Amino acid sequence: MKFVDEYRDRDIAQRLGKQIAELAGDDQYKFMEVCGGHTATIYRHGVEDYLPDNIDLIHGPGCPVCVIPMGRVDDAITLAEQDDVIMTSFGDMMRVPGGKGSFFDSKANGADIRMVYSPLDSLKIARNNPDKRVIFMAIGFETTAPSTAATLMRASQEGLDNFSVFCNHVTIIPALKAILDSPDLRLDGFLGPGHVSTVIGCRPYEFVARDYGKPIVTSGFEPLDILQGIYQTLVQLREGRAEVENQYSRVVPWDGNPKALEVMSHTMELRPYFEWRGLGFISHSAMQVREGFAAHDAERIFDVPGVRVADPDACQCGEVLKGVLKPWECKVFGTACTPETPIGTCMVSSEGACAAYYNFGRFDRDRVQEAVS
Amino acid sequence: MSDTSRQEGVGVPVDDEESAPGEEEAPAADSQRAEWAEQLVRDHADHGQAEPHGEEAGQPGEVYQSREQQVLDRIERARQRKPKLKEDKITLAHGAGGKATSALIEALFLPAFDNPELSQLEDQALLDVGDGQRVAFTTDSFVVKPLFFPGGSIGDLAVNGTVNDLAVSGAIPRWLSASFIIEEGFAVEDLRRIIADMRAAAEAVGVEIVTGDTKVVGKASGDGCYINTAGVGVVGHDRRLGARQATPGDAVLVSGPIGQHGMTVMLARGEVELDADFESDTAPLHDLVATLLEAAPGVRCMRDATRGGVATVLNEVAQTSQTAVVLDEAAIPVREDVHGACEMLGIEPMYVACEGRMVVVVDGDQADAALAAMQSHELGQGAARVGTVGDDPPGLVLLQTTFGGTRIVDELVGDPLPRIC
């Protein structure tokens, strides 16, 4: 396929893999790929097969559904189970477990919950169902927030009073900072999130290099992008540099997308704090709908219970999200927590570190290699 | 980051310590427990499966690796166990053809209806009717939405789907039944179109619809029109075909580009703003099967790759025969535009339904003959050899990716869900 195949070329991969191995020498390196999309690419294409054993990839917190705390899911289900409500959200959200079940379970109990591909689809549903109250459960980082913002503006222009947003948008920088501040962490560098950076650009990552002395390379989502990102990070380390670099410049402008940032800040503002699954409360890490759009803010319109559900003691999503534990090191990985019965959100989405490891990679590497050779 | 940057609004970092709310400012709301999750953990602890294995994380060297291996071994054992039905309500996942569907079948249907024919779990039952004669018998329900889509309609599917379930046993499809469950208010004109499609499809195959039933349900109790068809075919051979017959050394073939039907229907629902000029691949496979069986007597099994796609079919083959199916991603035929649509939605073509494609496992020595025979047929022009059957690791489908990496192709729990970004 055009524009895709060239980023999946085996010969280039082989060459890059060799260069990475030479650069790394005998030293151990741990790099975090921040974005869930990276994690999915790494497992789906078998990127690690090109990496030497002394390079360890740690899967970061950039999976939008993985960071949604159980309490927020319960809140959303309470909203959905009201009379005359149609709840809408993205496909990945449907299986995310709350304290009392998932959207799929709630749907089976009679709630009208629909999967949409874009918040504009929810708007369409609201237009077509004037006697229903349509709520869009907005999730995601700065990647998806602009489309929610644009939808809020459209709803406001049209005066669509039966449409509202249950806003759960989070921002990547505070999460990165929380990870960098975590005392048990040993990371050598980062592959910065590609999609988020199309919106916020590369500048906001400067603190990673400046204050923490770690290189960060904004990377794309094709397998060669990942290898290239690792290569650039290694080169920096070898040369004693720690800088922000943009591997994904074919898509990511250095200063991001000012228009997208503008609609976001026009419709949303930072919350004082927000709970992240496994990471706890992080200040200024999420967005809420601005006063000016109160008519479309589900949290103002409805009585949101504000449920808090403690993560089960055995669940170690937090450590996995911080990269402190590998998925398989979690106490319940593969036993109580599987893709069939995900306890933690990391096991739900195809971008979740645990689900990716379980579905794509959970097998003795040598035996797999032997079978396909 | 400075305060100015914060004033610029969202999406901009804030890292000044003094503004952090700190633990005490975070809401001290009463925390609830996720009872279902705690129970799940206790259940596994009772079975001695949830002993912690992450305690010495970070240890270098062999101890660490062997710990990962222990976890992998345990998962492999768990995978060999039959899936358990844990839910107390049916969800959409139970109808998606993946792990949740298997769990439902294993937990409810198999024990209740227990008999040797059913327990084969093939797409059809082969029944001995005396004098060495065998018939194939199958049934399928069609609930597709929208009812009409590029390349076909629910009427085409209702005939071709059941014909294909018979055909892949090597049977000659002969008679079908047709039951309609129609929602009050459904347009007669639409029903007329559906029936015309069924008639044309049946004529093309040479099957007759010999019995039927009609039920009407109240408004909002159905979704327009559901159709169930059952079919009977005559088995003219005495070969043993089935997933159990797959043997190491066999070749895996598919009869043409995959994923077209599923993507067509997904786009036809109008939920995704995407123009595409591919259409459903719905087609009857009986004639292709006949051509194939004549050229390659060493065919072990055939399955039409409907719900759950090629990946699900091959997982069933690997599990039933306790073999390893090894696929070469680069060899799997997918139309470029279908591939593009899949990439956009974050869905893998291997999990997308086809309605006129089959997966064939054949003796490796006859792979070339089988492929040539299929390619000579109109419906098999795009056939390709996509993999081989090995012996280790048993019960798994492995993939050599186009990129040159390796991974597992697992069975999905439910429908593939589009990714958000």
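Q: What makes helix H6 of chain B a helix that lies across strands, and which strands are they?
A: In this predicted model, H6 (residues 154-167) of chain B lies across E3, E6 (171-183), E7 and E8 of chain B. Contact here means heavy atoms within 4.5 Å. The helix runs at about 150 degrees to E3(B).

Q: What is the strand order of the open sheet in chain B, and what kind of pairing does it have?
A: The order is E2-E3-E8-E6-E7 (chain B). The sheet has 5 strands and mixed pairing. Neighbouring strands are turned by 20 degrees against each other on average, direction ignored.

Q: Which are the edge strands of this chain B sheet, and what makes them so?
A: They are E2 (125-128) and E7 (208-217) of chain B. Each pairs on one side only.

Q: How do you know that E3 and E8 of chain B pair?
A: Pairing needs at least two bridges. E3 (residues 134-142) and E8 (residues 225-235) of chain B are joined by 9 bridges. They run antiparallel. As one of the partnerships, B:Val135 has B:Val234 in E8(B) as its bridge partner.

Q: Why is one side of E2 and of E9 in chain A left without a neighbour in the sheet?
A: The open sheet of 5 strands in chain A has the order E2-E1-E7-E8-E9, with parallel pairing. E2 (55-62) and E9 (244-246) stand at its edges. Each has a single partner strand, so one side stays without a neighbour in the sheet. The twist averages 20 degrees from one strand to the next.

Q: How do you know that E7 and E8 of chain A pair?
A: The threshold is at least two bridges. E7 (residues 189-192) and E8 (residues 216-218) of chain A have 3 bridges and run parallel. A:Phe190 has A:Ile216 in E8(A) as its bridge partner.

Q: Which helix packs on the chain A sheet, and which strands does it touch?
A: Helix H10 (residues 223-238) of chain A touches E1 (29-35), E2, E7, E8 and E9 of chain A. Its direction makes about 130 degrees with that of E1(A).

Q: Why is H6(A) called oblique to H11(A)?
A: The axes of H6 (residues 145-158) and H11 (residues 258-267) of chain A come within 8 Å and cross at roughly 60 degrees. Roughly parallel is under 35 degrees, and roughly perpendicular is 65 to 115. The crossing angle fits neither, so H6(A) is oblique to H11(A). The crossing is left-handed.

Q: What is the class make-up of the contact of H6(A) with H11(A)?
A: It has 8 nonpolar, 2 polar and no charged residues. Among them are A:Leu152 and A:Met153 of H6(A), and A:Val263 and A:His266 of H11(A). Leu, Met and Val count as nonpolar, and His falls among the polar.

How values were computed:
Residues numbered from 1 in each chain as written. Chains lettered and ligands numbered in written order. Predicted model: local features only at pLDDT ≥ 70, side-chain atom pairs only at ≥ 80, totals over all residues. Heavy atoms only, no water. Helix = DSSP H or I, 4+ residues; strand = E, 2+ residues; numbered from the N terminus. Axes fitted to C-alpha atoms, helices over the stretch in contact; angles between N-to-C directions. Parallel < 35°, antiparallel > 145°, perpendicular 65-115°, else oblique. Left-handed = near helix turned anticlockwise from the far one by under 90°.
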